[in-house]
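Visitor: I am new to this structure and would like a close look at one part of it. Please take a pair of packed helices and set it against the chain as a whole.

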Amino acid sequence: MSSLPSLRAYSRVERGGGEVLNTIDQLNSPSRSTRLAAGKNVGAAILRGEIKNVQTDEVNNHVHTTYSFSPYHPSMAAYKAYEAGLKAVGIMDHDSVSGAEEMLAAAKSIGIASTVGFEVRVNFTGTAVEGRKINNPDSKNIVYIAIHGIPKKRIPEAVRFLKPMNDARNKRNRAMTHALNKLLPGYGLPALDFDRDVAAISQAKNGGAITERHLMCALANAMVMHSGKGDALVRFVIEKLGLALPEKIAAHLSDASNIHYVYDLIGVLKSSFLDNVFIQPNDEECIPVRT
């Protein structure tokens, strides 16, 4: 599998027929050039009145894309913001700004204001709240902060700033993959290859971050290959992994036609299984908040 599962751009906006639908779908193409071209075509369709939305007074300057973890590339994220009637949208990926220029270009084409930022984890050693959990459910002393409003000309500087953190994060990602592989034979699942099964479903080769969700996505893909979708997979989760499934989630996973299937399964694995292989990040990956 070379990418995350994609969600078709079902829309609440008023829009034209099949040609417009196809153009919107191209906003999530694997090809960046195709996505950017589609953004210009969608923008032209909006100007012609073939696509119309209902404007609100809301903005969302904290939107993740495939450059951290999302079913949407930046161009599609910009369109989905337009579709929702937002006045502005901001890209906010974990440890990455490499999708920012695409977001800015697509948003300009579509006609929605945009901002650039990134989300990063920092350590609070030496502060009044050292050692506490603040907004990170997985780690004490490590806090998520959002950096907003990065000018376009400073994006390369942000890339350089984030690279050492990503290098450290990927050492930990490989170690967690190794820890997971020790468990997989007990479940009747094959070992995962970090480069083939985890990195390949991310945008790492294009400067994106690899997160724990990518690891859980690789596991979810292996489970679907093993059991298929539906009741057999539900039984695998309950009987083999020993996880409790809320009735609502069990129903979603029993429905093989669920377009959110892998994402629903990832949610279960991240909340109930990840702790089995999770390794706490170090200070190289999560720099001091004062820095």
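Guide: What follows covers the chain first and then one pair of helices. This is a predicted model, in which local features need pLDDT of at least 70 and side-chain atom pairs count only at pLDDT 80 or more, while totals for chains, interfaces and linings use all residues. Residues are numbered from 1 along each chain as its sequence is written, and side-chain values use heavy atoms, with hydrogens and water left out.

The chain has ten helices and six strands (DSSP runs, H or I of at least four residues for helices and E of at least two for strands, numbered from the N terminus). Of its 291 residues, 49% are buried, meaning under 20% relative accessible area with a 1.4 Å probe, protein chains only. Along the principal axes, the C-alpha atoms fill a box of roughly 60 × 50 × 30 Å.

Now the pair. Helix α5 spans residues 155-183 and helix α7 residues 212-227; their axes come within 10 Å and cross at roughly 30° (axes are lines fitted to C-alpha atoms over the stretch in contact, and angles run from 0 to 180 degrees between N-to-C directions). That makes α5 roughly parallel to α7, a term for angles under 35 degrees. From α5, the contact (heavy atoms within 4.5 Å) is made by Arg169, Arg172, Met176, Thr177 and Leu180; from α7, Glu212, Leu215 and Leu219 take part. These residues divide into four nonpolar, one polar and three charged, where Ala, Val, Leu, Ile, Met, Phe, Trp, Tyr, Cys and Pro count as nonpolar, Asp, Glu, Lys and Arg as charged, and the others, Gly among them, as polar.

Notes
Angles under 35 degrees count as roughly parallel, over 145 as roughly antiparallel, 65 to 115 as roughly perpendicular and the rest as oblique. Buried means under 20% relative accessible area, exposed over 50%, partly exposed in between (1.4 Å probe, protein chains only).
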